[in-house]
Amino acid sequence: MLISVSPNAETFHLRNRFFSYIMTVMENGQMENLYFGKAVHERPSFAYLHEEGLHGMSAFNAPEPSRLCLSFARQEYPSYGTSDFRCPAFEIEQRNGSRISAFKFRSYEIIPGKPSLAPLPAATMESDAEGETLILKLADDATDMTLYLFYTIYADLPILTRSAKFELNGGTPVTLTRALSMSLDLPDMAYEMMTFTGAWGRERSVRTRKLDHGVQANFSMRGSSSAEMNPFFILKRPETTEHQGEALGFNIVYSGSHLGQVECTSDGTTRVLTGIHPDNFSWRLTPGESFQTPEAILGYSGDGLNGLSRAFHDLIRTRIVRGVWRDRPRPILINNWEATGMNFDEALILKIAEKAKDVGVELFVLDDGWFGARNDEHAGLGDWVANTDKLPGGIKGLSEKIEAMGLKFGLWIEPEMVNKDSDLYRAHPDWILSAPNRFQSHGRFQYVLDFSRKEVVDQVHSQIAKVIREAKISYIKWDSNRYITECYSNGSAPEDQGKTFHKHILGIYDLYTRLTAEFPEILFESCSSGGARYDLGMLCFAPQTWTSDNTDGYERQRIQYGTSYGYPLSSIGAHVSAVPNHQTGRLVPLSTRANVAYFGTFGYELDLNRLSADEIEKVKDQVKFMKANRELIHRGDFYRLISPFEGNETGWIVVGKDKKKALAGFYQCLNNANAGWLRFRLAGLDPNRKYRVALRVDVDPRYLAPFIPGLDRLLATLNQSAELYGDELMYAGLPLNRMLFVIQGCDFTSLLIELEAIE
Ligand code: GLA
């Protein structure tokens with residue numbers, strides 16, 4: 001039993017082996033949070049955890065002589081203005097102009113499993129035995145509204161999911177001007193907040209700040225989860241490290257504008273809010289209507305940041321990602337974007353594909369430029385019909401030729417966008433999001449189609465489904481290359497414009513739902529100018545995300561390291577591209593480019609015909625290596641070891657769930673003269689097992705000349721595998737001579753360590 005209810009049916013204790021979450025009904029009928037943290041024993045009452053208002057300026061929200069001051073009470077889903085002055089979880093504007101509300105507990109229900117939130121995506125359960133859901137029913141009599149608070153606890157994951165649903169039963173219409181997915185009040189503020197911020201080409205940098213009085217926010221108002229502030233954030237204790245200590249993680253299953261906010265009071269308490277960003281959101285309800293918030297995901301770790309990441313990785317890999325590709329080995333792909341841009345014809349594409357087939361690649365992906373009048377960024381988006389000047393046999397013809405080679409075929413689309421130079425726009429100029437009589441901001445010469453309108457989604461769906469039905473398509477890369485401006489729908493009433501952002505996101509989910517239902521065998525990868533829409537909403541439909549347009553083997557270490565806090569390796573699209581790198585101009589050796597890309601869903605983003613014979617041999621070896629290791633990489637436990645945000649080096653390891661195999665990566669930015677030895681301490685291994693340790697390092701043959709003292713001996717040890725216990729590898733560490741990096745002949749070097757249990 002995961003949810004206990006006190007004998008008076010007022011206190012609820014959600015508990016698994018990882019955490020306890022305890023709440024109760026306060027004397028004013030509203031819900032109070034008593035505890036969220038490491039699992040504690042069940043007891044008849046936790047009333048001793050209640051705190052009351054003591055000082056002179058307090059207002060009290062229950063009949064005298066009550067001391068129930070909501071500013072002090074740790075609440076479940078608070079409102080503003082009835083003795084709590086913090087930022088609330090929701091606000092309801094009523095016909096009489098009042099925004100005051102008071103939802104009081106009425107009843108509860110505990111159900112096995114987890115209800116669907118469709119049409120919103122949400123975490124799933126495979127069977128009702130995996131967890132339980134508590135549904136609290138509260139009512140606000142003055143507005144004739146019901147509020148349902150949903151809490152789902154998994155038996156075997158340190159994860160709690162939450163959401164809220166408002167129903168207007170009768171009376172007069174109301175407007176929700178704020179409806180966040182959850183609020184969590186914590187009794188102290190001794191936390192650091194970690195956020196994952198960035199921009200195009202440098203997504204999900206790790207930022208850590210000490211909480212302070214006032215509000216600190218992590219948000220997007222771009223109509224997208226954004227490259228700038230990913231919706232995932234962490235509160236950790238100052239003493240928490242990667243390997244030990246307490247950390248709480250927060251995310252939402254949503255792809256639109258979001259707000260993650262942490263407010264600390266002068267009394268030293270903390271309120272965490274997350275959900276749809278309230279600015280530019282308002283949702284009018286008429287009697288009989290309801291509004292369901294997106295789902296919030298809370299993770300708890302008593303085992304440091306790596307423990308928190310593993311909780312999210314396991315949830316996402318197994319219960320966010322769904323469909324046949326959840327458990328299938330992910331194909332090694334080649335994408336033509338960096339090789340050709342939009343400037344290609346069928347012969348060139350077939351030449352790239354043939355070479356890819358030779359080296360063992362499994363899937364060819366045709367990127368932007370295959371449709372309409374799409375020869376550059378100015379035209380074509382919206383017209384999802386093959387450009388037969390470039391591809392005489394259309395997508396059908398090309399995909400058949402690629403399949404005949406023994407490769408699978410994948411296709412790029414950007415369904416939410418339109419160029420003004422397109423047949424779609426010429427036929428329906430009012431189908432873009434744009435405010436009447438206002439300038440229409442453009443981005444990459446494109447405009448955002450109004451997916452809050454069903455007829456728009458229907459039209460795009462019919463075009464894209466036709467292409468897929470006619471051709472042999474195994475993979476779709478779904479892009480979205482600009483944020484939303486002038487978010488106004490020409491298909492909605494003025495009083496419903498506050499719904500447009502959210503309805504647009506629901507339209508995107510609708511299209512995804514239709515396409516994934518009709519084509520369940522297709523592997524989807526989401527993309528948004530790289531990683532600008534890396535979120536749990538997308539991952540419910542697309543198991544992989546193109547992590548960043550930045551394919552530089554050095555900067556990718558940071559991007560993938562930052563991404564790994566909240567998202568599993570099986571979701572991290574990572575490709576080897578050409579040098580000089582398109583985004584940085586940097587020359588990173590081929591071995592390091594691959595050694596970074598292995599820790600994701602692997603592929604190539606270049607024209608293999610331009611590589612030397614020697615490089616092609618290396619690529620063949622890389623493909624073979626990834627095929628042999630992808631199961632381990634995509635399903636194992638990942639541990640960050642050395643942060644690229646802190647110095648010259650990066651280290652990480654992935655360990656199989658059974659701890660029989662592991663693969664560690666070590667990367668060095670700049671070489672240093674005479675830098676001596678380093679101890680690379682691993683993690684996650686079985687301390688009592690002996691492992692065979694093999695280094696995989698790409699030595700530059702020019703260094704084989706014995707002009708570096710001791711080099712001969714060092715090289716001789718390279719091919720020898722050692723046998724060491726897990727405890728030695730984790731506590732004593734693996735001594736690596738830094739000459740290993742010098743003899744690779746350049747900067748940005750790396751090595752892999754393969755571990756296999758031998759007893
Ligand atoms: C975006 C994507 C790239 C590529 C281009 C095509 O920038 O992130 O990978 O698909 O669009 O226009």
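This report walks through a predicted model, from its barrel and helices to its ligand, its open sheet and a few unusual backbone spots.

## The barrel

Let's start with a closed barrel. Eight strands build it, in the order β21-β22-β23-β26-β27-β28-β29-β30, and their pairing is parallel. From one strand to the next, the twist averages 30°. As background, strands in a sheet pair through backbone hydrogen bonds, in either a parallel or an antiparallel way.

You can follow one of these pairs in detail. Strand β23, residues 408-413, and strand β26, residues 475-478, run parallel and share 4 bridges. Look for Ile 413, whose bridge partner in β26 is Trp 478. Helix α3 packs on this barrel sheet, where it touches β21 (333-335) and β22 (363-366). The direction of α3 makes about 155° with that of β22.

## Two helices that cross

Helix α3 has another partner to look at. In general, two packed helices are described by the angle and the distance between their axes. For α3 (residues 346-359) and α11 (residues 613-635), the axes come within 8 Å and cross at roughly 60°.

Which residues meet here? From α3 come Lys 355, Asp 358 and Val 359, and from α11 come Ile 616, Val 619, Lys 620 and Val 623. Sorted by type, the residues of this contact are 4 nonpolar and 3 charged, with no polar ones.

## Around the ligand

Now turn to the ligand, which has 13 residues around it. The nearest of these are Asp 367, Asp 368, Arg 444, Lys 477 and Asp 549. By type, the shell holds 6 charged, 4 nonpolar and 3 polar residues.

Some side chains can be paired with oxygen atoms of the ligand. For Asp 549, a side-chain N or O atom is 2.5 Å from a ligand oxygen. Asp 367 has a polar side-chain atom 2.6 Å from an oxygen of the ligand, and for Asn 481 the corresponding distance is 3.2 Å. How much of the ligand does the protein bury? Taken alone, the ligand exposes 300 Å², and the protein buries 96% of that.

## An open sheet

Elsewhere you will find an open sheet of 6 strands with antiparallel pairing, ordered β31-β32-β33-β38-β35-β36. Why does one side of β31 and of β36 lack a neighbour in the sheet? Both β31 (637-642) and β36 (722-725) stand at the edges with a single partner strand each, so one side of each is left free of a neighbour there. On average, neighbouring strands of this sheet are turned by 25° against each other, direction ignored.

Within the sheet, β35 (residues 690-696) and β38 (residues 749-757) pair antiparallel over 6 bridges. Val 693 stands opposite Leu 755 of β38. Helix α10, residues 590-597, packs on this sheet and touches β32 (649-655), β33 (661-668) and β38. Its direction makes about 50° with that of β38.

## Unusual backbone spots

Most peptide bonds are trans, and most residues other than glycine have a negative phi. Here are some exceptions to look for. The bond from Glu 64 to Pro 65 is cis, with omega near 5°, and Pro 65 belongs to the loop between β4 (31-38) and β5 (90-93). Another cis bond joins Ala 118 and Pro 119, with omega about 15°. Pro 119 sits in the loop between β6 (104-112) and β7 (131-140).

Finally, visit Ala 9, in the loop between β1 (3-5) and β2 (11-15). Ala 9 is not a glycine, yet its phi is positive, near 60°.

Technical notes. Residues numbered from 1 in each chain as written. Predicted model: local features only at pLDDT ≥ 70, side-chain atom pairs only at ≥ 80, totals over all residues. Heavy atoms only, no water. Near = heavy atom within 4 Å. Polar contact = N/O pair within 3.5 Å; in protein donor to acceptor, adjacent residues only side chain to side chain. Areas by Shrake-Rupley, 256 points an atom, 1.4 Å probe, with all protein chains shown as cover. Nonpolar A, V, L, I, M, F, W, Y, C, P; charged D, E, K, R; others polar. Pairing = 2+ DSSP bridges. Helix = DSSP H or I, 4+ residues; strand = E, 2+ residues; numbered from the N terminus. Axes fitted to C-alpha atoms, helices over the stretch in contact; angles between N-to-C directions. Contact = heavy atoms within 4.5 Å.
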